[in-house]
Amino acid sequence: MEEKVGILVGTKGRGSNMLALIEACQSGKVPAQIGIVIAPAADSPALAKAVERKVPTAVVEPGESYAERLLKALNGCTVLCLAGLMRMLPQEVLNAFPGRVLNIHPALLPKFGGKGMFGMHVHRAVLESGERESGCSVHIVTPVYDEGPIVVQKTCRIFSDDTPETLAQRVLTLEHEAYPQALSMVLRGE
Ligand code: GRF
């Protein structure tokens, strides 16, 4: 069976994780094709980058029959990667891809996850906690926000002069390695 990846981006994300996944698939590092990139709005910055990479794209706006419209757009996909999507996926969509919906979080879960833990808020919380390490986590999506089995975690040091921005940049570099690696593992059934 040919594996096809559906990537769901957000309204504001840069799309850098999406690009890392596209590059990994197009170079053959990850044995799958990009089925579709779906954005919740036509002006999502990531969408234009996906178009440039010549992968199929769609806009599916939240609202009535969101689940149904998403599932239609995802037809043929065998695995989903959330890359900056800031909303919970409808249960019907999770049910259609059991154990095959992945998300990336810019910190070491299970700490520093949950409501309000997104963007710079996460890195600020990590720095304020006095932790000496941060990193990223790729996990299987379950109905509970930022929970679900962790597939890959990568860690980095925190330096005394770090700001949320410098830490975010160090973590982002790890995210781009971790996401394709986790996707490969899920495809291999690991
Ligand atoms: C990343 O930090 C990721 O961990 C989080 O959303 C951000 C998306 O960034 N889920 P990008 O759009 O992939 O650059």
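**Close-up 1. The ligand is surrounded by ten residues listed here: Gly13, Arg14, Gly15, Ser16, Asn17, Gly84, Ile104, His105, Pro106 and Glu175.** Welcome to this structure, which is a predicted model. The space that the ligand takes up is the largest pocket. Two elements, α1 (16–26) and β5 (101–105), each give two or more residues to the shell around the ligand. When you look around the ligand, Ser16 and Asn17 are among the residues to find, and so are Ile104 and His105.

**Close-up 2. Polar atoms of the protein meet oxygen and nitrogen atoms of the ligand.** Start at Ser16, where an N or O atom of the side chain is 2.5 Å from an oxygen atom of the ligand. Move on to Gly15, where a polar backbone atom is 2.7 Å from a ligand oxygen. Then look at Ile104: here a polar backbone atom is 2.8 Å from a nitrogen atom of the ligand. On its own, the ligand has 370 Å² of accessible area, and the protein covers 85% of that.

**Close-up 3. Arg87 lies over the face of Tyr66.** To see this pair, find the ring of Tyr66 and look for Arg87, at 5.8 Å from the ring centre. What about pairs between aromatic rings? With ring centres required to lie within 6.5 Å of each other, the count of aromatic pairs comes to 0.

**Close-up 4. A cis peptide bond joins Leu109 to Pro110.** Omega of this bond is near 10 degrees. Pro110 belongs to the loop that runs between β5 and α5 (119–129). If you have just visited the ligand, β5 will be a familiar name, as β5 also gives residues to the shell there.

**Close-up 5. Ser65 has a positive phi although Ser65 is not a glycine.** Its phi value is near 50 degrees. You can find Ser65 in the loop between β3 (57–59) and α3 (66–73).

Methods: Residues are numbered from 1 along each chain as its sequence is written. This is a predicted model: local features need pLDDT of at least 70, side-chain atom pairs count only at pLDDT 80 or more; totals for chains, interfaces and linings use all residues. Side-chain values use heavy atoms; hydrogens and water are left out. Rings of Phe, Tyr and Trp (its six-membered ring) pair if their centres lie within 6.5 Å; planes under 30 degrees apart count as stacked, over 60 as edge-to-face and the rest as tilted. A charge sits over a ring if NZ of Lys or CZ of Arg is within 6 Å of the ring centre and within 35 degrees of the ring normal. A residue is near a molecule or strand if one of its heavy atoms lies within 4 Å of it. A polar contact is a pair of N or O atoms within 3.5 Å; within protein, one must be able to donate a hydrogen and the other to accept it, and residues adjacent in sequence count only if both atoms are side-chain atoms. Accessible areas come from the Shrake-Rupley method with a 1.4 Å probe; for residues, only the protein chains shown count as cover. On a 1 Å grid over the protein atoms alone, a cavity is a set of points where a 1.4 Å probe fits but cannot get out, and a pocket is an open set with protein on both sides within 12 Å along at least five of seven lines; lining residues have an atom within 4 Å of a point. A molecule sits in a cavity or pocket if more than half of its atoms lie within 2 Å of its grid points. Helices (H or I, at least four residues) and strands (E, at least two) are DSSP runs, numbered from the N terminus.
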